[in-house]
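Colleague: I would like to go through this model with you one point at a time, with the reasoning given before each answer.

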Amino acid sequence: MTADNRSSDSIHDEKIPVEDPVAPIPHFPSENKGNIKDELHAIEADAGSLDEEELEESIRLVPKIVRELVSMDDDPTLPTVTFRYFVLSTFFVALGAVISQISWFRTTSASYSMFFVQIVSYWLGNLMARVLPSKDVNLGFFKFNLNPAPFSIKEHVLITLAASAGATSNLGEIIVSVKDIFYHEQMNPIAAIFLMWATMWTGYSFAAIGRSFLLYDPDLIWPSALMQTALYRTLRGEGQSLDISRKQIRVFWAVLIGVFFWSFLPEYAFPFTSSLAVLCWFAPHNDTVQFISSGFGGMGFLNFTLDWSNITSTIMVSPWWTQVIGFVAFVLSVWVLVPIVHFTGIWNGDKFPIMSNRLFMANGSRYPFTDLTTTDGHFNETAFEEYGNVYMSTYNLWGIFFGYATFLSAFVQIFLFGRKKIWSTIQHLRQRKQHSFKDRLNVLISEYQEVPLWWYLALFACCFVTMLVLIFTQDLYLPWWTYIIGVVLGALTVVPMGFIYAVSAYQVSTGTFNELIYGYMAPGTHPVGSLVYRVVAGQCWYRAQSILQDQKIGHYMKISPRATFFSQLWGNLIGVPINYAVIRWVIDTKRPYLDGTEKDPLGQWSGQAPQSYLNQGIQYGLVGPARLFQDAVYGPLRWGFLLGVVTPVVMYLLHKKFPRAKFNLWHSTIFFSNMENFYGNVSTGPLSSIIGGFFCMYYFFRYRHSTWIKYNYLIGAAADTGLSLAILAIFIIFGSAKIIEMPTWWGNDPNSVEKCYGSGA
């Protein structure tokens with residue numbers, strides 16, 4: 001689908017001009033979404049297949065990829081918030097909150113996969129439906145039935161949404177942990193829990209800003225939400241014939257089990273398979289070949305991986321054009337710029353290790369940042385004058401450069417390419433009471449009560465007041481006025497960044513720009529103040545983005561918006577106190593390891609996450625960019641702002657001049673954000689990913705589309721689940737209580753698992 005012919009079937013009441021280059025959705029293989037003959041052979045709805053002539057206009061307005069994966073019918077009588085829901089959601093939130101919070105402090109850990117929650121909650125929900133009696137329970141003020149009906153798909157979805165919201169570590173952990181570990185400032189438990197709730201729910205209130213722009217528009221498909229939706233329906237055998245459903249289930253379990261057992265090889269027993277440095281096989285002791293071919297600390301040129309953790313289901317979710325942009329950015333950054341700097345020494349490339357993300361003194365030794373903090377946590381000017389300015393690798397320098405370009409590019413990009421769509425949505429909002437989009441999904445969801453805007457405003461007001469109280473009473477070291485600026489900037493990023501994620505499944509980072517802003521506003525302040533600002537201005541919008549994605553799942557599954565909203569809050573209410581309890585347990589029992597006083601003999605309780613945040617807080621908050629950038633080597637970084645403004649304009653003009661060349665798909669914000677990524681530690685994966693993405697999102701999507709519809713998202717979900725379970729099993733079996741190391745053999749050579757030895761071995 002291109003913008004040139006969107007007007008023929010626009011969902012809006014008024015035509016969008018044919019030259020409108022807004023929001024191309026590259027999942028459509030044909031050029032005209034309105035051409036049913038080219039795009040649609042049949043629509044699988046719960047009622048069965050629909051012939052072309054029987055298609056309703058409301059269904060035609062739904063993008064093809066959504067029509068193929070989402071049911072076009074709804075049963076509003078299905079139970080949602082039931083006794084089973086509360087039991088299972090509480091269980092999965094609590095389990096995930098413990099695992100995720102412990103993992104945040106450890107060097108290696110197991111992720112808590114939502115695919116795992118989807119699968120196991122489906123089993124347990126059906127088990128409870130079979131064994132629980134259908135009995136009414138009257139608590140006086142509340143009455144419910146233990147087993148009101150068969151376990152419904154809506155209960156299933158809400159359980160997973162609650163887990164997605166609450167079964168994770170939370171943003172406030174950064175502030176609570178850094179204060180306690182490194183400055184021995186333990187927050188009052190009630191204050192700490194309210195801080196966590198406030199930072200989480202600020203993100204929720206930010207979601208209200210983007211909800212009307214990003215949630216209801218059917219052209220904004222949210223690819224990751226589609227993937228989870230496909231798994232829900234596959235588990236229940238919906239949308240396909242019985243034979244196909246059974247085959248899908250067999251394929252799902254075959255892939256899950258296969259990836260589960262295979263992952264033990266690259267992740268534990270046979271790490272050689274995680275990075276196949278082909279060039280090193282021919283010259284293993286050559287330093288140049290080692291640098292070029294190694295995927296661990298090298299360029300990863302012609303390096304392949306057989307480790308799914310280096311690939312992931314991103315290749316099955318992200319549109320092909322997004323993957324191409326990401327790979328081009330990787331090639332330019334790692335295969336072009338890195339060797340130029342490494343072998344010529346330009347821009348201090350010969351002074352500091354190019355693939356390092358550490359900070360250095362002018363002589364190349366590691367910078368002693370802890371000495372820059374006085375006993376009361378303020379800037380030590382004397383120490384700074386003694387040690388001199390802070391330096392970093394050239395790789396990190398251009399990462400900052402493109403980070404500046406990324407932030408401004410997002411706003412220019414959405415103004416040029418998305419202003420008409422946003423204005424059209426504003427017009428809809430002025431006209432509607434609930435929903436004025438006329439596609440089938442919006443028509444179905446309009447039967448449910450919407451979440452009133454005042455709910456979000458009340459939530460934000462509570463969070464805003466709570467944060468101000470905490471700033472003035474809990475030594476958060478943040479000037480109160482910078483908090484207000486952080487809230488404003490965080491809110492402004494929701495729509496442009498969320499727009500990008502909704503069409504591309506790519507999450508843009510804004511941390512570098514936010515840290516820069518705070519460093520100029522409040523230089524020389526305590527590092528914790530910088531982290532508070534970072535959480536509010538930067539990471540809260542990430543939470544808004546994830547919340548909007550979950551709400552899109554609820555939209556696809558026809559869940560009442562109020563039930564979805566309640567489930568997300570319920571997950572947080574349960575998860576945050578558990579997060580805090582785990583933080584207290586870890587710090588109280590592992591403090592000597594976390595603060596570096598002692599070395600953990602197992603090497604697990606390194607606290608590398610809080611240490612990393614502390615370093616960034618010192619760099620931008622304590623030292624400040626004014627001092628940091630006083631050296632001429634940082635001068636070129638300012639040009640990143642100009643690049644971020646100019647590039648989208650150039651692409652827009654090229655698109656207007658050559659509309660068939662699809663310059664609108666060369667998304668500058670995604671490109672700059674990928675250029676910002678650091679591959680200094682691990683550069684294996686991108687080559688294998690682009691090959692896999694070609695088959696999944698180009699060849700099979702275009703030329704084997706019926707197969708793609710049945711198995712693409714299904715296999716991606718199964719593979720991710722298998723990997724997550726394998727990492728969890730490895731963690732429990734080989735690393736939870738006592739480290740059990742794999743015996744040394746050819747496949748896990750301690751000198752180099754890739755066989756890239758260099759001249760030193």
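Colleague: Is Asp749 buried or exposed, and what is its relative accessible area?

Modeller: This is a predicted model, and what I quote is computed from it. Residues under 20% relative accessible area count as buried. Asp749 falls under that cut-off and is therefore buried, with a relative accessible area of 14%.

Colleague: Which residue forms a salt bridge with Asp749?

Modeller: The partner counts as buried because its relative accessibility is 7%. The closest N and O atoms of the pair are 3.7 Å apart, which falls within the 4 Å allowed for a salt bridge. The residue that pairs with Asp749 is Lys755. Elsewhere, salt bridges that share partners join residues into one network, whose members are Asp180, Arg584, Asp588 and Arg591.

Colleague: How many residues apart in sequence are the parts tied together by Asp73 and Arg440?

Modeller: The closest N and O atoms of Asp73 and Arg440 are 3.6 Å apart, and the two form a salt bridge. Asp73 is partly exposed at a relative accessible area of 27%, whereas Arg440 counts as buried at 12% relative accessibility. Because Asp73 lies in the loop between helix H3 (64-69) and helix H4 (83-105), while Arg440 lies in helix H17 (residues 440-445), the parts that the pair ties together are separated in sequence by 367 residues.

Colleague: Which residue forms a salt bridge with Arg627?

Modeller: For this pair the closest N and O atoms are 3.7 Å apart. The link runs between distant parts of the chain, from Arg627 in helix H25 (residues 625-628) to a partner in helix H15 (residues 381-387), 246 residues apart. That partner is partly exposed, with a relative accessible area of 38%, and is Glu381.

Colleague: How many salt bridges does a search of the whole structure find?

Modeller: The pairs of Asp73 with Arg440, Arg627 with Glu381 and Lys755 with Asp749 are among them. For the whole structure, the search gives a total of 11.

Colleague: Turning to the cysteines, which residue does a disulfide join to Cys280?

Modeller: The structure holds 1 disulfide, with an S to S distance of 1.9 Å and a right-handed link of 105° about the S-S bond. The pair links distant parts of the chain, 476 residues apart, with Cys280 in helix H11 (residues 278-282) and its partner in the segment after helix H29 (705-734). Cys280 counts as buried at 1% relative accessibility, and the partner is also buried, with a relative accessible area of 4%. The residue joined to Cys280 is Cys756.

Colleague: Why is the sulfur of Cys463 too far from the closest cysteine sulfur for a bond, and how far is it?

Modeller: Cys463 is buried, with a relative accessible area of 3%. The closest cysteine sulfur to that of Cys463 is in Cys462, and a disulfide requires the sulfur atoms to be within 2.5 Å. The pair is too far apart for a bond because the distance is 6.8 Å.

Colleague: How many residues does the largest nonpolar core have?

Modeller: Nonpolar side chains tend to be buried together in soluble globular proteins. Among the residues with the most contacts inside the largest core here is Leu226, which touches Ile65, Val66, Leu69, Val70, Ile221, Tyr556 and Tyr713, leaving out residues up to four places away in sequence. A second, separate core has 8 residues, including Phe264, Tyr268, Ala269 and Phe734. The largest core has 207 residues.

Colleague: How many of the 14 residues of H6 are buried?

Modeller: Helix H6 covers residues 153-166, and at 1.5 Å a residue it should span 20 Å, which agrees with the 20 Å between its end C-alpha atoms. H6 is largely enclosed by the rest of the structure, because the number of its residues that are buried is 13.

Colleague: Which residues are in contact with Ser668, leaving aside neighbours within four places in sequence?

Modeller: Ser668 is placed in helix H27 (residues 668-676). Its relative accessible area is 3%, so Ser668 is buried. With the sequence neighbours left aside, the residues in contact with Ser668 are Ser409, Gln413, Thr647 and Pro648.

Key:
Residues numbered from 1 in each chain as written. Predicted model: local features only at pLDDT ≥ 70, side-chain atom pairs only at ≥ 80, totals over all residues. Heavy atoms only, no water. Helix = DSSP H or I, 4+ residues; strand = E, 2+ residues; numbered from the N terminus. Buried < 20%, exposed > 50% of the residue type's maximum accessible area, 1.4 Å probe, protein only. Core = buried A, V, L, I, M, F, W, Y, C linked by side-chain atoms within 4.5 Å. Contact = heavy atoms within 4.5 Å. Expected span 1.5 Å × (residues − 1). Salt bridge = Lys/Arg side-chain N within 4 Å of Asp/Glu carboxyl O.
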